[in-house]
Amino acid sequence: MSVETLNYDNFTTDPFKSLNYDDDTKGALRVLDWAYGTYGNSIVYSCSFGAESMVLIDLISHVKADAKIVFLDTGLHFEETYELIDRVKERYPSLGIELKKPELTLDEQAEKQGRALWGSDPGKCCYIRKIKPLEDVLSGAAAWISGLRREQSESRQNTDFVNQDERFESIKVCPLIHWTHEDVWGYIEKKDLPYNVLHDQNYPSIGCIPCTSQVFDSEDSRAGRWSGFDKTECGLHTSDDDSK
């Protein structure tokens, strides 16, 4: 099987399983070079604009200056997140940054599903406002890029550089799997990259306002998300359909 034609249907294993990632970017640039060389304009970076995103945006800018980047704009993000997006656009003017909105406005969602759906059924809210919009984006894409790191959580420990994504029936490329929290922030500081100022206010992971809280007693990089619920993922990185 040719690596250049790797897709969801013919995927068998990560072509970089045996990659020696003992370099400055722990394999990330090598994988990004392959990804954009293989898929060109048919690969999309789904960007959350978290700390890992700042690293990936900078690395991608060196590989493909006009890469397509999609932010899932739920309409519930912090103002600081939107301000960061503006700063990133100024620093990387050639990147194609798209804010993808859900089909339903918040008022329409409230009318159909009840007010504050995120409080009663966060899985369904994530499906409507994040998963379905990404399904629409990826319907014409051969592959997508994610900033997952193995260190982040137990559910991400087996993530490879290149994955067969069951959720979206696509190829998911994860260049930062071997990066640590220290690696991410060390790169941000070294390159003087913009980042969400909420990270300086005890928000390790930043999502929608109702489902993100400050953390003072945990080093878990996913702590503070969906507090009070047995939920640590929005569903973008799982294969179940319980959120529908």
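A residue is called buried when its relative accessible area is under 20%, exposed when that area is over 50%, and partly exposed in between. The legends below use these words for a predicted model.

**View 1. Strand 2 and its surroundings in the predicted model.** Strand 2 covers residues 68-72, and because four of its five residues are buried, this strand is largely enclosed by the rest of the structure. On one side, strand 2 pairs with strand 1 (residues 43-46) in the parallel sense over two bridges, and here Tyr45 stands opposite Ile69 of strand 2. Strand 2 also pairs with strand 3 (residues 96-100), again in the parallel sense, but over five bridges. Within this second pairing, Phe71 has Leu99 of strand 3 as its bridge partner, while Leu72 has Lys100 of strand 3.

**View 2. Two β-α-β units that share strand 2.** A right-handed β-α-β unit is made by strand 1, helix 2 (residues 51-63) and strand 2. Strand 2 then takes part in another right-handed unit of this kind, together with helix 3 (residues 79-91) and strand 3.

**View 3. The open sheet and the helices that pack on it.** Six strands form an open sheet in the order 3-2-1-4-6-5, and the pairing among them is mixed. At the edges lie strand 3 and strand 5 (162-165), each of which pairs on one side only. From one strand to the next, the twist averages 30 degrees. Helix 3 packs on this sheet, where it touches strand 2 and strand 3, and the direction of helix 3 makes about 160 degrees with that of strand 3. Helix 6 (residues 122-138) packs on the sheet as well, touching strand 1, strand 2, strand 3 and strand 4 (143-145), and its direction makes about 160 degrees with that of strand 2.

**View 4. Ala116, a residue with a positive phi between two helices.** Ala116 is found in the loop that lies between helix 4 (106-113) and helix 5 (117-120). Although Ala116 is not a glycine, its phi is positive, at about 50 degrees. With a relative accessible area of 36%, which falls between the limits of 20% and 50%, Ala116 is partly exposed.

**View 5. Asn202, a residue with a positive phi after helix 7.** The place of Asn202 is in the segment that comes after helix 7 (181-191). Phi of Asn202 is near 70 degrees, which is a positive value in a residue other than glycine. At 36% relative accessibility, Asn202 counts as partly exposed.

How values were computed: Residues numbered from 1 in each chain as written. Predicted model: local features only at pLDDT ≥ 70, side-chain atom pairs only at ≥ 80, totals over all residues. Heavy atoms only, no water. Buried < 20%, exposed > 50% of the residue type's maximum accessible area, 1.4 Å probe, protein only. Pairing = 2+ DSSP bridges. Right-handed = clockwise from strand over helix to strand, strands pointing away. Axes fitted to C-alpha atoms, helices over the stretch in contact; angles between N-to-C directions. Contact = heavy atoms within 4.5 Å.
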